[in-house]
Amino acid sequence: MAFEPPRRLVRALGETAPEGDDWLEKLPGLAREAVERRELTVERVQLPGGRSSLVVLVRRADGTPAVLKLAPPRARPESERVALAHWGGRGAVQLLEPVSEGAGGAEGSEGVLLLERLHPDVSVRTLPEAKALLEAAGTLRRLWVDPPDGHVFETVAERTGRQAKAMRAGADAAPEVAPLVDAALAAREELLDSPPEHRLLHGTFRQSKVLSGDRMPWLAVGPDPVVGEHAFDLARLVRDRVEDLIAQPSGATTTRRRVRRLAESLEVDRDRLRGWTLFRAVESGVRARRVGRERDAELLLEFASWL
């Protein structure tokens, strides 16, 4: 079978690829090797697929359905592997290959994850909005556990520190966004001064990252794990369906109500959730503008202005 990378993946990785990165060119060969090594039968490549990995629906030698996921090093797949192993299927998709001591996974597994098969076309985003937020929030709560001893996961301070540098550069290039960037960076500094907890977080949680399963009704996929406070993880969920929020005459009011309800339902401080929502929305908006996604940038920055 030809493992042609989906257009969505090619476009997304092309926006962020460092000079000389040839992972996409190597991907078909990497996929064939991973399939042969594990004696898998390929059903199909999942379309439209994700923005950071190739997802292939497969069956194991015993006929069990599974998912083969291949991601470049910059997507931190080994960090994802360790987090999934630590969660052990509690609230997240189950890892089907062991994690070896001192490294990511078994021999020949670097950048390759073999996962429990969920229903890839059924996410909580298919539910009515209020129900979707409720189910997504309940799933997220199960993921908030203490990180493993001696973990090497990135911290919220480290990740947002890198992002802050890019945001400052974006503000220098586009002075009209400078007030929002200044507000977001000020919020970050204040929030990092006294975080209320240090827990293992999903890192990139949103409705489309919660899929229907057989073992449990809803399970999270695609983490980019990070250690920090709950409000940072929940902040990305606040802006889900941002295009619908922007289209509403009462979008700003709805957004503030969503912050309050999510904070109350997950026992997160409302002001901390608002602050991290602001930072993450501005960061995403500046990054979208940097790679030429002007429409996305406009939506995100308008959303951020409501906070």
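In this predicted model, helix 7 (residues 230–238) and helix 10 (residues 270–290) approach each other with their axes within 8 Å, crossing at roughly 65 degrees. The crossing of helix 7 past helix 10 is right-handed. The points below add the residues of this contact, the geometry of helix 2, backbone exceptions, and the surroundings of selected residues.

**Packing of helix 7 and helix 10**

- Two packed helices are described by the angle between their axes and the distance between the axes.
- For helix 7 and helix 10, that angle is roughly 65 degrees and the axes come within 8 Å.
- Helix 7 contributes Ala231, Phe232, Asp233, Leu234, Ala235, Arg236 and Val238 to the contact, while helix 10 contributes Arg272, Leu273, Trp276, Thr277 and Arg280.
- Sorted by class, the residues in this contact are 7 nonpolar, 1 polar and 4 charged.

**Helix 2**

- Helix 2 (residues 23–38) has 16 residues, which at 1.5 Å a residue should span 22 Å; the C-alpha atoms at its ends are 21 Å apart, so the two values agree.
- A kink of about 30 degrees is present in helix 2, with Gly29 at its centre.
- Trp23, Leu24, Leu27, Ala31, Ala34, Val35 and Arg38 are the buried residues of this helix.
- An α-helix has 3.6 residues a turn, so residues three or four places apart point the same way.
- The packing partners of the buried residues of helix 2 are helix 1 (7–16), strand 1, strand 2, strand 3 and strand 4 (112–116).
- Glu39, just after helix 2, adopts a positive phi of about 55 degrees.

**Backbone exceptions in loops**

- Most residues other than glycine have a negative phi, and most peptide bonds are trans.
- The peptide bond from Leu47 to Pro48 is cis, its omega being near 5 degrees.
- Pro48 belongs to the loop that joins strand 1 (41–45) and strand 2 (54–59).
- Arg76, a residue other than glycine, has a positive phi near 60 degrees.
- The loop between strand 3 (65–70) and helix 3 (77–87) holds Arg76, and Arg76 counts as partly exposed because its relative accessibility is 28%.
- Glu267 is not a glycine either, yet its phi is positive at about 55 degrees.
- Glu267 sits in the loop between helix 9 (251–265) and helix 10, and its relative accessible area of 70% makes Glu267 exposed.

**Surroundings of selected residues**

- Leu114, in strand 4, has a relative accessible area of 2% and is therefore buried.
- Leaving aside residues up to four places away in sequence, Leu114 touches Arg38, Leu40, Val58, Arg60, Ala66, Val67, Leu68, Gln94, Leu95, Leu96 and Glu97.
- Although 81 residues separate Leu114 and Glu33 in sequence, their C-alpha atoms are 13 Å apart.
- Arg258, part of helix 9, is buried because its relative accessible area is 5%.
- Beyond residues up to four places away in sequence, Arg258 is in contact with Glu129, Leu133, Leu237, Val238, Arg239, Asp240 and Leu245.
- Val238 thus appears among the contacts of Arg258 and also among the residues that helix 7 brings to its contact with helix 10.
- Gly63 is placed in the loop between strand 2 and strand 3, where Gly63 is partly exposed with a relative accessible area of 34%.
- Gly63 and Glu43 are 20 residues apart along the chain, and 12 Å separates their C-alpha atoms.

Note on methods
Residues numbered from 1 in each chain as written. Predicted model: local features only at pLDDT ≥ 70, side-chain atom pairs only at ≥ 80, totals over all residues. Heavy atoms only, no water. Axes fitted to C-alpha atoms, helices over the stretch in contact; angles between N-to-C directions. Helix = DSSP H or I, 4+ residues; strand = E, 2+ residues; numbered from the N terminus. Left-handed = near helix turned anticlockwise from the far one by under 90°. Contact = heavy atoms within 4.5 Å. Nonpolar A, V, L, I, M, F, W, Y, C, P; charged D, E, K, R; others polar. Buried < 20%, exposed > 50% of the residue type's maximum accessible area, 1.4 Å probe, protein only. Expected span 1.5 Å × (residues − 1). Bend = angle between axes of the 7 residues up to and from the residue.
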